[in-house]
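Visitor: I am new to reading protein structures. Could you walk me through this one?

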Amino acid sequence: MPEFELTAAPSPEELAVITDGLSAFNTEDVGPSERQTLAVFIRDTDGKVSGGLSGYTAWGWLFVQMLYIPDTLRGSGMAGKILAKAEEEAVARGCRGAWIDTFNPHALGAYQRQGYEIFGELPDFPEGRTRTFLKKML
């Protein structure tokens, strides 16, 4: 009979068993993901990264994992410009849509101004906020 182990410190090799197994299953089930990392950086005058977007494209979609705008640039339309660059690259990679999630009300408004539409919500995550999931067809 299988045994279970709960850990807060799995090794990279142990995690690879799960990710490699699921990747192989998904490839057989729906085809290869063709996953590629995608990043758009904001650089200061010294060339240092001060913010930007990180995510990836897979199965014809862009997933924005993180989007950070430094305090000094917030409210300047920077999020929209960064999203546009990421979306342009996603289209070049053959993507048909993009998705992102947030629990920040200001970010939610910024994403909606860029044409993202809500497709799901998770209330009280984190406590007192709603995590909102948004998508945009490219």
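Guide: Gladly! This is a predicted model, and a good place to start is a cluster held together by ring pairs, made up of Tyr56, Phe63, Trp99, Phe119 and Phe133.

Visitor: How many aromatic pairs does the whole structure have, and what kind do tyrosine 56 and phenylalanine 63 form?

Guide: A search of the whole structure gives 5 aromatic pairs. For tyrosine 56 and phenylalanine 63, the ring centres are 5.5 Å apart and the planes meet at 70 degrees. Planes over 60 degrees apart count as edge-to-face, so the pair of tyrosine 56 and phenylalanine 63 is edge-to-face.

Visitor: Are tyrosine 56 and phenylalanine 63 buried or exposed?

Guide: The label rests on relative accessible area, and under 20% is the cut-off for buried. Tyrosine 56 and phenylalanine 63 are both buried.

Visitor: Why is the pair of tryptophan 99 and phenylalanine 119 called edge-to-face?

Guide: Their ring centres lie 6.4 Å apart. Tryptophan 99 belongs to strand S4 and phenylalanine 119 to strand S5, so this pair links distant parts of the chain, 20 residues apart. The label comes from the angle between the two ring planes, which is 70 degrees.

Visitor: Is phenylalanine 119 buried, partly exposed or exposed?

Guide: Buried needs under 20% and exposed needs over 50%. Phenylalanine 119 has a relative accessible area of 47%, and tryptophan 99 has 27%. Values in between count as partly exposed, so phenylalanine 119 is partly exposed.

Visitor: Which residue lies over the face of tyrosine 56?

Guide: Here we look at what sits above the ring rather than at another ring. The distance from the ring centre is 3.6 Å, and the residue is arginine 35.

Visitor: Which strands stand at the edges of the sheet?

Guide: The open sheet has 6 strands with mixed pairing, in the order S1-S2-S3-S4-S6-S5. An edge strand has a single partner, so one of its sides is left without a neighbour in the sheet. The edge strands are S1 (36–43) and S5 (117–123).

Visitor: Which residues stand opposite isoleucine 100 of S4?

Guide: S4 pairs with S3 in the parallel sense over 4 bridges, and with S6 in the antiparallel sense over 6 bridges. On the S3 side, the bridge partner of isoleucine 100 is valine 64. In S6, the residue opposite isoleucine 100 is leucine 134.

Visitor: What is the handedness of the crossover from S3 to S4?

Guide: The chain goes from S3 through H2 to S4. Helix H2 (residues 78–92) lies across S1, S2, S3 and S6. This β-α-β crossover is right-handed.

How values were computed. Residues numbered from 1 in each chain as written. Predicted model: local features only at pLDDT ≥ 70, side-chain atom pairs only at ≥ 80, totals over all residues. Heavy atoms only, no water. Pairing = 2+ DSSP bridges. Helix = DSSP H or I, 4+ residues; strand = E, 2+ residues; numbered from the N terminus. Contact = heavy atoms within 4.5 Å. Axes fitted to C-alpha atoms, helices over the stretch in contact; angles between N-to-C directions. Phe/Tyr/Trp six-rings, centres within 6.5 Å; stacked < 30°, edge-to-face > 60°. Buried < 20%, exposed > 50% of the residue type's maximum accessible area, 1.4 Å probe, protein only. Lys NZ or Arg CZ within 6 Å of the ring centre and 35° of its normal. Right-handed = clockwise from strand over helix to strand, strands pointing away.
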